[in-house]
Amino acid sequence: MLEIKNLHASIGDKKILDGLTLTVKKGEVAAIMGPNGSGKSTLSYVISGREDYTVTQGEVLLDGVNLLDMDASERANAGVFLAFQYPLEIPGVATMTFLKAAMNAHARANGQSELQTPDFMRRVREAAQKLGVSQDMLKRPLNVGFSGGEKKRMEILQMALLQPKLGILDETDSGLDIDALRVVSEGVNALRAPDRAFLVITHYQRLLDYIKPDTVHVMARGRIVKTGGPELALELEKSGYKDYVGEAA
Amino acid sequence: MAAVQETVDRVKAIDVDAYKYGFVTDIESELAPKGLNEDIVRFISARKNEPEWLTQWRLDAYRRWLTMREPTWARVHYKPIDFQDLHYYAAPKSTPGPKSLDEVDPELLRTYEKLGIPLREQELLAGVQTSKVAVDAVFDSVSVATTFKAELAKAGVIFCPISEAVHSHPELVQKYLGSVVPVTDNFYATLNSAVFSDGSFVYIPPGVRCPMELSTYFRINEKKTGQFERTLIIADKGSYVSYLEGCTAPQRDENQLHAAVVELIALDDAEIKYSTVQNWYPGDAEGRGGIYNFVTKRGDCRGPRSKISWTQVETGSAITWKYPSCILRGDESRGEFYSIAISNGYQQVDSGTKMIHLGKNTTSRIISKGISAGRSNNTYRGQVSAHRKASGARNFTNCDSLLIGHDCGAHTVPYIESKNATAVFEHEATTSKISEDQLFYCMQRGLSAEEATALIVNGFVRDVLQQLPMEFAVEAQKLISISLEGSVG
Ligand SMILES: Nc1ncnc2c1ncn2[C@@H]1O[C@H](COP(=O)(O)OP(=O)(O)OP(=O)(O)O)[C@@H](O)[C@H]1O
Ligand SMILES: [Mg+2]
């Protein structure tokens with residue numbers, strides 16, 4: 001589903017991704033772990049088309065289609081969803097309004113007719129209930145004054161509504177309390193499907209106890225330095241990154 | 001929500017240069033010869049069969065105007081206007097005066113249909129809209145049709161072209177015309193007083209709540225024609241009226257002058273809500289053509305506990321010079337100003353308000369949202385003052401500017417003046433940019449750069465949009481995204 005080949009990317013003259021190669025299969029949940037500053041968020045931005053980054057080399061294919069030729073909204077409509085490490089606030093725009101704009105954009109891009117309002121309301125309500133997002137939050141301006149945990153739930157709510165092919169979760173567990181972690185994880189697990197893949201960026205095994213990964217990748221210095229099964233995460237929990245940090249240099 | 005969707009659809013559908021209303025209507029019209037002198041003033045007055053007092057009033061204004069100079073304090077730049085190179089009167093030939101709708105030139109009606117104005121009462125009645133809007137349409141210099149007249153008359157409301165009111169209600173016109181914006185007020189207002197063409201007249205009798213929204217649409221059609229409307233609205237004791245104003249003009253290479261005067265009078269306990277969606281042709285992408293909009297709008301809260309509220313959405317015109325103001329004369333009277341001013345391309349906006357507190361315990365509120373994109377310049381200029389006797393006066397001002405891109409400018413020029421120690425004036429101002437992060441976030445959810453910008457801007461102006469009557473708010477939202485077209489990417 002997702003194929004990244006020898007990806008090099010920089011911002012200004014700072015090189016951040018340095019020959020990263022990674023394959024994620026349909027239906028797979030791939031965890032990415034790695035020290036602070038190793039380039040995990042950068043990877044998520046480069047996949048989803050943030051403009052500040054310059055890709056100097058390499059390929060990113062989703063179902064064989066080159067994502068690097070598309071702008072951010074085209075990639076989103078092609079099925080890439082990023083749950084942000086730091087979700088943005090959009091003052092004055094009611095969450096409901098935002099959700100509808102996003103869903104309609106997806107519908108249009110995929111040649112479907114826009115959702116009728118009652119249909120839309122029903123889908124949002126159902127998804128919101130599962131994730132413990134209150135009606136009050138849906139009326140408020142998007143993310144404005146939301147707590148850290150509330151923002152993260154809102155990201156997963158959006159993912160549930162937009163039904164992407166590839167979901168990238170960037171430290172979705174940070175800022176969540178124990179109950180919220182469980183609710184959010186259940187939300188993600190409910191979205192696991194044979195034709196959907198996830199890239200789960202996290203620092204902690206705790207999240208992976210809930211969202212069980214198929215593969216675990218260690219990222220250091222802008223590339224994947226080790227790939228293994230779920231046991232790799234447990235190993236890292238014990239020994240840290242010291243073995244990998246040097247290796248990539 | 002639907003409106004936002006429509007908004008983004010509209011953005012997609014419309015080209016930068018394609019001003020939607022830029023068509024010319026093919027109607028023969030009667031033009032006064034170019035230039036301005038006492039004969040032209042007399043000609044205009046004679047065309048309208050005006051009484052002698054009004055002819056004299058115009059001539060006084062004209063003589064005064066000759067001694068005045070164009071104001072230069074606003075942050076706008078343009079080549080000097082040749083006032084002798086303009087027509088000061090243009091009337092569609094087939095409509096010498098206001099008539100019933102059936103007699104109006106069908107070509108004109110089609111024009112207004114293109115503009116989406118529901119001139120025909122039947123359409124409105126048959127439509128899904130639950131609220132009714134009475135419309136007075138002004139085409140170049142002449143008012144061509146006023147709808148719902150009969151129904152309004154039942155409530156005692158007078159809503160007609162001012163040229164008609166001069167004849168049907170001379171005592172009201174003579175009493176109030178020029179009583180808020182004096183003949184000598186400023187260069188453009190004085191010019192307007194000399195040559196004003198037509199406009200709307202509204203009188204709401206004591207204790208009457210006007211049964212529907214009143215609305216005027218202005219359209220400049222003729223080439224090289226100045227448009228000088230004059231609107232006069234009087235809300236008698238304890239009455240209420242909500243009035244909407246919309247405007248359009250065809251695309252032309254040269255600049256067209258528009259210098260209107262609007263006077264509002266609210267007597268004891270009366271309330272006037274005046275909303276404008278200003279969408280005059282802004283000029284093309286290189287800054288050629290467009291309307292010069294030099295307008296004087298002022299409301300007088302003459303009676304105690306009266307209230308006047310201005311809401312404006314300004315997206316058009318090459319140059320906007322406009323400060324809808326309130327004189328808070330009556331004790332406990334209240335003035336409000338809610339404004340969205342958007343500039344793009346080479347547009348220049350210098351707009352704001354004045355709140356003049358004269359009476360005791362008077363209050364005012366100013367919410368201004370300026371949005372600049374392209375190479376435009378957008379200035380908020382606001383004056384709040386308290387007279388010596390205005391004890392307990394209060395004002396709250398919030399003035400936010402949003403910049404889109406790197407070549408535009410936003411400026412805030414507040415003047416605050418208090419001669420009474422008990423007056424309390426609060427002023428808040430912010431300037432922000434649409435952040436790349438916000439844009440990326442929205443685009444990551446599938447919105448195009450333009451949809452994302454429109455959404456963020458609509459959020460930014462929400463406080464003000466909420467002040468508009470529903471149908472107008474939807475229209476305004478569309479206009480906002482249309483006028484931001486081409487500002488990103
Ligand atoms: N705009 C920028 N300008 C300069 N350097 C940047 C910029 N954005 C990111 N970097 C640098 O790129 C490197 C990778 O950052 P990134 O956010 O991708 O790391 P990360 O692996 O997500 O870290 P964390 O675990 O702390 O979230 C860091 O050294 C960071 O300082
Ligand atoms: Mg990160």
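1. The magnesium site. In this predicted model, the magnesium ion (ligand 2) has as its protein donors the OG atom of Ser41(A) and the OE1 atom of Gln85(A), which lie 2.0 to 2.4 Å from the ion. The two donors bring together distant parts of the chain, since Ser41(A) belongs to helix H1 (residues 40-48) of chain A, whereas Gln85(A) sits in the loop between strand S6 (80-83) and helix H3 (95-109) of chain A, and the pair is 44 residues apart. Ser41(A) has a relative accessible area of 19% and therefore counts as buried, the limit being under 20%. Gln85(A) is likewise buried, with a relative accessible area of 13%.

2. The open sheet of chain A. Four strands of chain A are arranged in the order S2-S1-S4-S5, forming an open sheet with antiparallel pairing. Its edges are S2 and strand S5 (65-66) of chain A, each of which pairs on one side only. Within this sheet, strand S1 (residues 2-11) and strand S2 (residues 14-24) of chain A are joined in the antiparallel sense over eight bridges, and Ile4(A) has Leu22(A) as its bridge partner in S2(A). With strand S4 (residues 54-62) of chain A, S1(A) shares seven bridges, and these two strands also run antiparallel; here the bridge partner of Ser10(A) in S4(A) is Thr54(A).

3. The turn between S1(A) and S2(A). The hairpin formed by these two strands has two residues between the strands, and Gly12(A) in this hairpin takes a positive phi near 60 degrees. A colleague checking the backbone may wish to view this glycine together with the two residues of point 6.

4. A buried arginine in chain A. Arg153(A) is located in helix H6 (residues 148-162) of chain A. What is the nearest side chain of opposite charge to this buried residue, and how far away is it? It is that of Asp177(A), at 5.0 Å, and Arg153(A) has no salt bridge, because a salt bridge would require a side-chain nitrogen of the arginine within 4 Å of a carboxyl oxygen. A polar atom of the Arg153(A) side chain does, however, lie 3.2 Å from the backbone oxygen of Leu131(A). Leu131(A) also appears in the list of contacts made by Arg153(A) beyond four places in sequence, together with Gly132(A), Val133(A), Ala180(A) and Val184(A).

5. An arginine in a strand of chain B. Arg334(B) is placed in strand S17 (residues 334-343) of chain B and counts as partly exposed, at 25% relative accessibility. Its side chain is joined to that of Glu336(B) by a polar contact of 2.9 Å. When residues up to four places away in sequence are set aside, Arg334(B) touches Cys301(B), Ser306(B), Lys307(B), Ile308(B), Leu328(B), Thr363(B), Ser364(B) and Arg365(B). For Arg365(B), the separation from Arg334(B) is 31 residues in sequence and 8.2 Å in space, taken from C-alpha to C-alpha.

6. Positive phi outside glycine. Gln163(A), which is found in the loop between H6 and strand S7 (166-170) of chain A, has a positive phi near 45 degrees although it is a residue other than glycine. Gln163(A) is partly exposed, with a relative accessible area of 44%. In chain B, Asp269(B) shows a positive phi of about 60 degrees and is not a glycine either; Asp269(B) lies in the loop between strand S11 (261-266) and strand S12 (271-278) of chain B and is partly exposed, at a relative accessible area of 39%.

7. An enclosed helix in chain B. Helix H9 (residues 187-195) of chain B has nine of its nine residues buried, so the helix is largely enclosed by the rest of the structure. The buried residues include Phe187(B), Tyr188(B), Leu191(B) and Val195(B), and among them are also the polar-named positions Thr190(B), Asn192(B) and Ser193(B). Which residue caps the N-terminal end of H9(B)? Asn186(B) does so, with a side-chain oxygen 3.0 Å from the backbone nitrogen of Tyr188(B).

8. Chain B as a whole. Chain B has 13 helices and 23 strands, and 62% of its 489 residues count as buried. Among contacts in chain B with a separation of 6 or more, residues 24 or more positions apart account for 84%.

Definitions and conventions: Residues numbered from 1 in each chain as written. Chains lettered and ligands numbered in written order. Predicted model: local features only at pLDDT ≥ 70, side-chain atom pairs only at ≥ 80, totals over all residues. Heavy atoms only, no water. Pairing = 2+ DSSP bridges. Donors = N, O, S within 2.8 Å, 3.2 Å for Na, K, Ca; no water. Buried < 20%, exposed > 50% of the residue type's maximum accessible area, 1.4 Å probe, protein only. Lys, Arg positive; Asp, Glu negative; His and termini not counted. Polar contact = N/O pair within 3.5 Å; in protein donor to acceptor, adjacent residues only side chain to side chain. Contact = heavy atoms within 4.5 Å.
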